[in-house]
Every structure is written in structure tokens, then in C-alpha cells.
Amino acid sequence: MLSNTTFLITGIADKHSLAMFVAKQIIKHGGKVICTGLGVSKHHTSLSEKAKVFLTQNYEDFKLAISQELGDTHVEILDASLDENIDTFTQELSNKGVKLNGFLHAIAMDKTIRKKEVKPLLDVTKDEFCDTMNVSAYSLIRLSHYLLKYNVLQKGASICSLSYIAAAKVTFHPYRNISIAKAALERITIELADELGRSHGIRVNVIRFSTYMGSKAGNATLTSNDIETANKMSPLGNAKPMDLAHEIVHLFRPGLSITGEIRHVDGGYNITG
């Protein structure tokens, strides 16, 4: 299904990351992956020692997870908040002759969520708002821009990103700042689908997935009660990471005429009140 294809996978933190399940399925279906993680790059020039230690450990954990789960797989540092890092990263891919058939955008960040407590929107600072928007939404534009600039992303490629129902409506557990960024991500998806479809035949879709506590991001935000409530609300129960991986592999298949879609892989959670 995906033989002779290569995909960029962002957003892997550990073996439980949703992006990891996607990477595994791509390989299972004959494709290759290049995976990125957050670490210290040459563009991080003013980091505190604490930040350096955190990012270094994060990248080591990322590489270990890739090695254990995916074997000998190409890994790179990518901080989507830094244009310089995206630029250098894509240049290096081009210099190595890498040709991508698509990529998964699974990058998000919101510093207003701490210890499962969500800061009220009225208390969110401009910097907090813009940082979340930059990493969680605008990065889709910039990554697409540089991958095309250096002719790494091929005509007819497929781009997928990850969202959540909170982009469209208030949920029973409070998502505030990140919800706005996810709504922006979905609108960016639709605009890019039109723009890139006409110019490069590239498909762009986004998937709203179930509440999921297995990832670092989910564990930082959700409780077991949240998961159980969503499971009860969903007609089919919460979707599993493999459901998401299968859907993305389908959308990555060459030659499909599916674009600009906001698709739900959530057991039907989106149709409930």
C-alpha cells in the first residue's frame, strides 16, 4: 500500500505517543519514516541550564523510544517554534536527497495547563496565547512552506494533522487556550487543502481523535474519570490509537481524492451532546 514512500512523523515523545502508532503502521505497510523530536539544536542560543537539561533528556528519551519501537530509523531534532530550525532541518533533508510523500503534524504545546489545571482564558497572557498558537497551529504552515521551498515534499503528497472535538465545542473537561489553537489548525488545514491542492496536488486533512491519556500530553491534561466519561458518551466507546493509525495510513495512500476533511476517529463522541 505504501511501498516506495517516505513520510515525516513529528510529535513523538515516547512509545505511547499517537504519532508512534502511525509510524509503526506506515512501516508495516511498506513505507519509510523520518521522525523528529524536541531537543537542543544549534539555534537554541539563549537556553537556561534547566532548559538544556530538559531538552537533552527529552531527545534522549525520544531516540530510545524510536530505537526500541522502530529500529534503525532516521531521527532529527525539530523545534517547530523556531523558523531557523525548520529551515535548517528541511535544507538538510534536501541535501540528503530525501523526497517526502507526506507528513504527520502531531505537534502541540500549551503552558497554561499545569498539573491537570487549566488556566481561565481571561487570565491567559498574550505570550502564552501566541506561543500555543505558534507551536500548535502556525507550525503547520511553516513546515509546509519550507518542505516545499526545498523541494522535499513531492507533488501529490498527503498531509495529516491531529485535532480534538474541543476545537468545535466546549467539552465536559475544560480545554481553553489549546482549543482555540486547534480550531485555528483546522481552519489552516482547509485553507491549505485549497491552496496546495491547486498548486501541487497535495492533500491536507485533519483528524479529531478520542480523549487519550496514554501520551505525555494527554496525561498532563486528562484524568481517568475524563477517559471513562468520554468512553460512556461515545456510542462505540473511545477509539484506540490503532484506529487513528489505520485512518492516517488510509489518507496517506497515493492517488486518493480526499482533502480538506475534518475527520472523526472518536467512537462517535462528536455526535453526542
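**Notebook: sheet, crossovers and cysteines**

I began at one edge of the sheet, where Ile207 stands opposite Arg263 in E9. The model I am reading is a predicted one. Ile207 belongs to strand E8 (residues 203-209), which pairs with E9 in the parallel sense over four bridges.

Entry on the sheet. I looked up the strand order next and found an open sheet of seven strands, E3-E2-E1-E4-E7-E8-E9, with parallel pairing. The edges are E3 and strand E9 (262-265), each of which pairs on one side only. I also noted the turn between neighbouring strands of this sheet: it is 20° on average, direction ignored.

Entry on strand E2. How many residues of strand E2 are buried? I found that five of the six residues in E2 (residues 32-37) are buried, so I record the strand as mostly covered. On one side, E2 runs parallel to strand E1 (residues 6-9), and four bridges join the two. Within that pairing, I located Leu8 opposite Ile34 in E2. I then followed the chain from E1 through helix H1 (residues 18-28) to E2 and recorded a right-handed β-α-β crossover.

I turned to the pairing of E2 with strand E3 (residues 74-77), which is also parallel and is made by four bridges. Here I found Glu76 in E3 as the bridge partner of Thr36. A β-α-β unit made of E2, helix H2 (residues 49-70) and E3 is right-handed.

Entry on cysteines. I searched the whole structure for disulfides and found zero. Why does Cys35 form no bond with the closest cysteine sulfur? The sulfur of Cys35 is 15 Å from that of Cys160, which is too far because a disulfide needs the two sulfur atoms within 2.5 Å. Looked up from the other end, the closest cysteine sulfur to Cys160 is that of Cys35, again at 15 Å and too far for a bond. I then checked both residues for burial. Cys35 has 0% relative accessibility and therefore counts as buried. Cys160 is buried as well, with a relative accessible area of 1%.

Entry on helix packing. I describe two packed helices by the angle between their axes and the distance between the axes. For H1 and helix H8 (residues 241-252), I noted that the axes come within 8 Å and cross at roughly 55°. H1 and H8 are therefore oblique to each other. I recorded the crossing of H1 and H8 as right-handed.

Definitions and conventions. Residues numbered from 1 in each chain as written. Predicted model: local features only at pLDDT ≥ 70, side-chain atom pairs only at ≥ 80, totals over all residues. Heavy atoms only, no water. Buried < 20%, exposed > 50% of the residue type's maximum accessible area, 1.4 Å probe, protein only. Pairing = 2+ DSSP bridges. Right-handed = clockwise from strand over helix to strand, strands pointing away. Axes fitted to C-alpha atoms, helices over the stretch in contact; angles between N-to-C directions. Parallel < 35°, antiparallel > 145°, perpendicular 65-115°, else oblique. Left-handed = near helix turned anticlockwise from the far one by under 90°.
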